[in-house]
Amino acid sequence: MTTDSVWRGGPLGDRAHAVLAPNPGPMTLDGTNTWILHAPGDDVAAVVDPGPLDEGHLQAVLRRVAERGARVALTLVTHWHHDHTESLGRWAELVEAPIRGGGHGTPFDDDERITVGSLQIRALATPGHTADSVSFHLPDADVLVTGDTVLGRGTTVVAHPDGALGPYLDSLAKLHAVAAERPTLLAPAHGPSHADAAAVIATYQQHRAERLDQVRAALAAGDADAPDVAQAVVERVYADVPREVWPAARSSVAAQLDYLRATP
Ligand SMILES: [Zn+2]
């Protein structure tokens, strides 16, 4: 094990803090990171992705907010997937604050500026993993909260047909442009945080280009004529990933096949 494979949450700079939920798995890695966004001295905080329905986790998030001398004034959701939203009903009983994102509350405008106390938050539309995926940029803290669009380890799934590869590649380019302006910290929804968001995003862009080349090559090698094209491509291109994530790989392959049909 390398040191960064042990991730338990914790602070990222002085305005972001991850509380790790106890829902590890092949898709959630170590579990869902619930990010608390809070400027030191403020009496209000924002919470991103309360996560799975686990009372102990929700109480741990509230304890951490209280330890910072704050209360939750706004809940933000990066996208609708259950490992980010399952607890929202219970969370709404515990916290009297608006919830936005993942189909709740007022939808975000792209590049909308949100203020929580003295903290500035930019909501960036980053569709691709899902159609509703958003990321949050803290310009004063140089933190990028990426949900499942960019993870702390490995790569993410383009969850076809809700997600789509064309928008996903555009979203990576948008996030890279933000992260390349100044040194920016990466706050992903799964896996460890990173000091250099731009470098991680660049790796994602390179990975996507390589996978597309592999899918093109698989089609040229005969998979285009297979009875189940997506399955044939998964078995060839994703031979190196554990079989338990093949259903997710198939979803990503379907997204790539769609993308290649539209952009030969
Ligand atoms: Zn997730």
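In which loop is Leu 29 found? In this predicted model, Leu 29 sits in the loop that lies between β2 (16-20) and β3 (33-37). The backbone there takes a phi near 55°, a positive value in a residue that is not glycine. Leu 29 is a buried residue, because 22 other C-beta atoms lie within 10 Å, where the cut-off for burial is 20 or more.

A positive phi near 55° in a residue other than glycine also belongs to Asp 142, whose place is in the loop between β9 (134-138) and β10. Asp 142 counts as partly exposed, because it has 17 C-beta neighbours inside 10 Å.

From Asp 142 the reader can turn to Val 143, which is among the residues with the most contacts inside the largest nonpolar core, a set of 68 residues. Leu 37, Ala 45, Ala 46, Leu 144, Ala 187 and Ile 201 are the others named with Val 143 in this respect. Helix α5 (residues 197-220) supplies the largest share of this core, namely seven residues. When residues up to four places away in sequence are not counted, Val 143 touches Leu 12, Gly 13, Arg 15 and Ala 16, together with Leu 138, Thr 184, Leu 185 and Ala 187.

A further backbone feature is found at Pro 161, in the loop between β10 (143-147) and α4 (165-181). The peptide bond that leads from His 160 to Pro 161 is cis, and its omega is near 5°.

Key. Residues numbered from 1 in each chain as written. Predicted model: local features only at pLDDT ≥ 70, side-chain atom pairs only at ≥ 80, totals over all residues. Helix = DSSP H or I, 4+ residues; strand = E, 2+ residues; numbered from the N terminus. Buried ≥ 20, exposed ≤ 12 C-beta atoms within 10 Å, placed from the backbone. Core = buried A, V, L, I, M, F, W, Y, C linked by C-beta atoms within 7 Å. Contact = placed C-beta atoms within 7 Å.
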